[in-house]
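Q: Can we go through this model together? I'd like to start with the sheets and move on to side chains afterwards.

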Amino acid sequence: MLPIDNITSLLKELEVEQIYFCSGGRNASFLQILKENFKVEIVLNEASAAFMALGYGKSSQKPVVVCTTSGTAVAECFPAMVEAYYSNIPLIIISADRPERLRFSHAPQAINQVEIFGEYARSFVNLSDDKINIPSDVLFPLHINIEVDDRSPSDGKVNFLAAYKAPLIIISECAFITDTDMDMLKDLSAHVYIECLSNYKNLNLSNIIQQEKIMLNNFAKNSYDVIIRIGRTPISKLWRVLDSSDSLVPVYTIGEFASGLSYESKINSLSDLDLSDSQLVAAVPISIQATIAKYPSSEIAILTDIMNSLNKEDIVFVGNSMPIRYWQMIDTTENKILASRGANGIDGQIATAIGIARSTRSKVHCIVGDLTFLYDLGVFVNSIPENLIIHVLNNKGGRIFEQINLDQDIILAHNLAVRDLIPTSSKHVFEYFVDNTETALFWKDWNNA
């Protein structure tokens, strides 16, 4: 039973009527039970939702709830919490969280949410299971933080051995590869997966895996007995699979970066491990281009066209959610690639791209989805740098949530042409309307490839 099932009784005792819900993968499972018990309005931007709730509470003097996913989504509610504190408004923030074991690990969307509002939340409750221990003297504003754990039952123990025969090496953002490591990469019988944010574009290696799908398929077959990461927490879905898997594979991180997992072992270089008997795992190459060509109006095909139009000296800033995942699947460029993968939020992406453009004379291409664009619409009050081009992939909602078998209201479907909302900056914004049917067919074919 999820803690949210029992939280509903508390909210009813507090006479809550209205909930403002902001979509996210971590809190998606909360939506149905909340809709069954309260009036729920789904809002794109957490800061806006929190101020809507503030207005509702100010007028009605009844407790009102904002429900967010994990990560920076919670922090977006901070200004409204400050106002609620000083105005004595009965505001309640319910934040979904990743489990405690991932706190401070730099795992995706796992920031420290415990007492994040400090003194401005007069009451704070952290829930890690279905037991509720709410103080009898609840004071407002109130913050309820709910840890949601999707790990399969296991003892969580990892067997770090002295020698490995089937290594996987992942090169991610901010990787620094020494000459010694490079020599070993060339000679080692191991798969090497290079992420686009590493900007190691042209490594002369024979064992590179081009597609994440190959890596995930091999992992599912227990083909790897060790994973070695050079750089920050990877983009790859593998990092979520690793922490939710029954068969926990040893992971070594080269350097001082946090692991992004609840377990790790740090090493200084590849030579710290005994990989002398390593043997290359069999892998059948999979070409993605033929599948993309079948669906020219799909999201990934449109992104491929954008990629092919770039000059090699251009800088690319790729937004979170689907764009960065698609880019990783198709990137064959020499361009410098940037993204905000610290907490993986969709907030502030256009503003970040503006800052990048102001720091360079190179042309900067910002690639985002429609909800990310709408989230940061206020930046267009300011002038846009002449060297910034914003590419908006409009699939009319948060289509990443279609992959979750839950209430589809979290998609926030719309029929907006977002470029029409900023006519004065139209020369900087290119909008591409995605055929969602073709995108779904692409994924069907690609998953079966």
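Q: Which strands make up the open sheet with strand 17 in it, and in what order?
A: This is a predicted model. In it, five strands form that open sheet, ordered 14-13-15-16-17, with parallel pairing.

Q: What are the edge strands there?
A: Strand 14 (336-338) and strand 17, each of which pairs on one side only.

Q: And how much are neighbouring strands turned against each other?
A: By 20° on average, with direction ignored.

Q: How many bridges join strand 15 to strand 16?
A: Six, and the two strands run parallel. One pairing to look at is H365, whose bridge partner in strand 16 is I389.

Q: Which strands does helix 12 lie across?
A: Helix 12 (residues 349-358) lies across strand 13 (315-318), strand 14, strand 15 and strand 16. Its direction is at about 175° to strand 15.

Q: Q349 is in that helix. Is it buried or exposed?
A: Buried, because its relative accessibility is 1%, and the cut-off for buried is under 20%.

Q: What do the polar atoms of its side chain have close by, on the backbone of N320 and G345?
A: A polar atom of the Q349 side chain lies 3.2 Å from the backbone nitrogen of N320. On the G345 side, the backbone oxygen lies 3.4 Å from a polar atom of the Q349 side chain.

Q: Which residues is Q349 in contact with, leaving aside neighbours within four places in sequence?
A: F317, V318, G319, N320, S340, C366, V368, T372 and D376.

Q: Now helix 10. How many of its residues are buried?
A: Eight of the ten in helix 10 (residues 299-308), so it is mostly covered. The buried ones are E299, I300, A301, I302, L303, T304, I306 and M307.

Q: What covers them?
A: The cover includes helix 9 (289-293), helix 11 (322-330) and helix 14 (436-448). Strand 15 (364-369), strand 16 (388-394) and strand 17 (429-433) are also part of that cover.

Q: Switching to the other sheet, the one with strand 1. What is the strand order?
A: Six strands form an open sheet in the order 2-1-3-4-6-5, and the pairing is parallel.

Q: Why is one side of strand 2 and of strand 5 left without a neighbour in the sheet?
A: Strand 2 (39-42) and strand 5 stand at the edges and each has a single partner strand, so one side of each has no neighbour in the sheet.

Q: What does the twist average there?
A: It averages 20° from one strand to the next.

Q: How does strand 1 pair, and with how many bridges?
A: Strand 1 (residues 18-21) pairs in the parallel sense with strand 2 over four bridges, and with strand 3 in the parallel sense over three. F21 has a bridge partner in both: I42 in strand 2 and C67 in strand 3.

Q: And strand 3 with strand 4: how many bridges?
A: Five, in the parallel sense, with strand 4 spanning residues 91-97. V66 stands opposite I93 there.

Q: How many residues of strand 3 are buried, and which way do they point?
A: Five of five in strand 3 (residues 64-68) are buried. V64, V66 and T68 point one way, while V65 and C67 point the other way. In a regular strand, side chains alternate between the two faces of the sheet.

Q: Which helix lies across strand 3?
A: Helix 3 (residues 46-60), which also lies across strand 1 and strand 4 and runs at about 170° to strand 3.

Q: Last topic, aromatics. How many aromatic pairs does a search of the whole structure find?
A: Eleven. In one of them, Y86 and Y120, the ring centres are 6.0 Å apart and the planes are at 55°, so the pair is tilted. Y86 sits in helix 5 (residues 78-87) and Y120 in the loop between strand 4 and strand 5 (123-127), 34 residues apart.

Q: Is Y86 buried or exposed?
A: Exposed, at 56% relative accessibility.

Q: Which residues do ring pairs link into a cluster?
A: F78, Y85, Y86, F117 and Y120.

Q: Where do the charged ends of R122 and K213 sit?
A: The charged end of R122 sits over the ring of Y85, 4.0 Å from its centre. That of K213 sits over the ring of W446, 4.9 Å from its centre.

Methods. Residues numbered from 1 in each chain as written. Predicted model: local features only at pLDDT ≥ 70, side-chain atom pairs only at ≥ 80, totals over all residues. Heavy atoms only, no water. Buried < 20%, exposed > 50% of the residue type's maximum accessible area, 1.4 Å probe, protein only. Contact = heavy atoms within 4.5 Å. Pairing = 2+ DSSP bridges. Axes fitted to C-alpha atoms, helices over the stretch in contact; angles between N-to-C directions. Polar contact = N/O pair within 3.5 Å; in protein donor to acceptor, adjacent residues only side chain to side chain. Phe/Tyr/Trp six-rings, centres within 6.5 Å; stacked < 30°, edge-to-face > 60°. Lys NZ or Arg CZ within 6 Å of the ring centre and 35° of its normal.
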